[in-house]
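Colleague: Please take me through this model, one feature at a time. I would like each answer to end on the value or name I ask for.

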Amino acid sequence: MVAEMEVVMGQQVPILCPYTPMEEQDYLLVEWFTMDRNGGQQRVAYNVKGTVGVDRGTEYTDRVHMDSNNSLVITSIDVSDEKLFSCQVTSNSGSDTGRTQLKVFDPPEPPELKPNSGTLSVTADLALEIAQCTGKNGYPAPTISWYKDGQFLNITTEHNKELYEVVRTVKEASGLYSRSSILYMRPKKADKNSIFQCKVSYKMPKGKVGMEESEPFNLTLHSLSASSSPPSQGSDNLLDLPTTTDGILLLPHVTKADSGTYRCQVLDFYSPSEVELEKDVNIFIHYLDPVVLHPTKVVKVNRSEDLQLNCSGSGSNLPTLSWKKGRQQMGSGRTLSLERLTYPMAGTYICEASVPSISGLKRNESVQVIVEGKPEVDIQQTILQDHDQTVKFTCTVLGHPPPEIRWNIPGGEAPVKHSANKYISELLVELTPKLIQSGVQCTAENKYGSTRKNFKLKMVTPTPSVSSKPALEEEQGQTGSTVAVIAVCVCVLLLLLIVGFFYFMQRRGQLPCSRGEKRSL
């Protein structure tokens, strides 16, 4: 059986050891344990035959002690103490275990009220924002209720044109909860003198319920009218607005409070009665409320852990939510889950609320994600061609908090370039045989640990270059050979022409040697 104990945050509380008494008070050992949701337990204090001690290295090392009744005394109760505590007693006759569930309560701060400072139109055809009420830093989460003229308002969270509320609950870094409620209502003329108020309720020990009330407030109501002539004096429900001589009404920097019915009136005492001198126009301002992110601003997460970013938005139309990091689209919807975070995943994440059907209607909010952990070192193989040369070694490090980068070379200090969580150190070194033998090391260290990498030095024999003189001689040789070939070709052609000429002359009988040879025959 598990006993329950209710306490208020900040108190000092003794937790009794709820074990079954033994026949003989011969216990040898009394131990106190904390238990997590998975059933795992960790010892925090003990009494061994009258020797009382506190275990080191636990979250309770400096906050607990055991009294003479073997009760576990916890100082400065916090919300993190809402867990199961186990007392185990061991004696010669056996052992027994008792468990106590600690429940923590903490009242919230007095409510913060922010009424709508604008003027509300009683002719609006939808619910308008009336006020926002916030109860901060309570545990468990407080509840908020609204009252009109002392009467409780039964409000739904579903959007409608008459009455609803938008509720947001945020878990603070302290573990406490803050809750806000925005009241939306369609005002009526009868609400002009009504008194509104919000109340923040919270649970306390023994079933008690505490309550804090805000200051009461009234609404500023009106109907809207525009006139192209001097202001009307005959109606309390109309507010005259300045117009130009051309009858143009200009509404600069419109907000959602400008939604409503506008009436244009023209004064003409000589016009026939059938001429219409009034005209109403309904104007509805589309809007988006500020985007709410959790966590907000900056969040630090250890490398390889998971992180969930939550985004919510509201407005005249239900907005579409999307996530991006730089120019990269990361996803859509209320939640962005980042699993097994790495250093490249750090950066600014933006949640954007937009209404695709209404061009330009969008709002966004950003959160800076910082990934912390042991540095990661990246180096490149260095190729060497000669011993006597100057070589640049580059060491690239990812990590946060900013790491210290060291080289194993005496006097090896180099400036560090920084971009986000990336750090680059470049070192110029004159290469020597001793350095090649000992090697080059780059070490990066922060509070999470250190990482060391060795550069691999690879010697490459340079390819011998061909001298210009042999190349020139070869080129000249090639040129001479070409000339010789051309000369031979020309000689052969000339010889063929001569042989052809003599053959032709012989066939015609014009060569003397030819006739002589014939007479001798």
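Colleague: How many nonpolar, polar and charged residues are in the lining of the largest pocket?

Modeller: This is a predicted model, where local features need pLDDT of at least 70, side-chain atom pairs count only at pLDDT 80 or more, and totals for chains, interfaces and linings use all residues. Numbering starts from 1 along each chain as its sequence is written, and side-chain values use heavy atoms, with hydrogens and water left out. Ala, Val, Leu, Ile, Met, Phe, Trp, Tyr, Cys and Pro count as nonpolar, Asp, Glu, Lys and Arg as charged, and the others, Gly among them, as polar. On that scheme the lining of the largest pocket has ten nonpolar, seven polar and eleven charged residues.

Colleague: How much space lies in the largest pocket?

Modeller: A pocket is an open set of points on a 1 Å grid where a 1.4 Å probe fits, with protein on both sides within 12 Å along at least five of seven lines; lining residues have an atom within 4 Å of a point. In this one 28 residues form the lining, and V170, E172, V292, L293 and T296 lie nearest the centre. The space filled by probe spheres set on the points comes to about 1000 Å³.

Colleague: Why does the largest pocket lie between two domains, and which are they?

Modeller: Strands are DSSP runs of E, at least two residues long, numbered from the N terminus, and those that each supply at least two lining residues include β10, β12, β15, β16 and β30 (362–379). Domain bounds come from an automatic or database assignment. The pocket is lined from both sides of one domain pair, so it lies between domain 2 (109–218) and domain 4 (292–373).

Colleague: In what order do the strands of the four-stranded open sheet run, and which are the edge strands?

Modeller: Two strands pair if DSSP finds at least two bridges between them. The pairing is antiparallel and the order is β10-β12-β16-β15. Pairing on one side only marks the edge strands, β10 (112–115) and β15 (163–171).

Colleague: Which residue in β16 stands opposite G135?

Modeller: β12 (residues 128–138) and β16 (residues 177–185) pair in the antiparallel sense over eight bridges. Opposite G135 in β16 stands R179.

Colleague: Which peptide bonds that lead into a proline are cis, and where do the prolines sit?

Modeller: The bond from Y139 to P140 is cis, with omega near -5°, and P140 is in the loop between β12 and β13 (143–148). The bond from H400 to P401 is also cis, with omega near 0°. P401 has its place in the loop between β32 (390–400) and β33 (404–407).

Colleague: Which residue of the β4 and β5 hairpin takes a positive phi?

Modeller: β4 (residues 41–48) and β5 (residues 51–54) run antiparallel and are joined by four bridges, with A45 opposite V54. Two residues lie between the strands, and a positive phi near 50° is taken by K49.

Colleague: Which residue in the turn between β34 and β35 has a positive phi?

Modeller: β34 (residues 416–419) and β35 (residues 422–430) are antiparallel, with four bridges; H418 has Y423 as its bridge partner. The hairpin has two residues between the strands, and the one with a positive phi of about 60° is A420.

Colleague: Why is one side of β33 and of β37 left without a neighbour in the three-stranded sheet?

Modeller: The order of this open, antiparallel sheet is β33-β36-β37. β36 (residues 441–446) pairs with β37 over six bridges, and N446 has G449 as its bridge partner. β33 and β37 (449–454) stand at the edges, so one side of each is left free because each has a single partner strand.

Colleague: How far apart are the end C-alpha atoms of residues 483–505?

Modeller: An unreviewed UniProt entry annotates these residues as "transmembrane region"; such annotations may be inferred rather than shown by experiment. In the model the span is 100% helix and 0% strand, and its end C-alpha atoms are apart by 34 Å.
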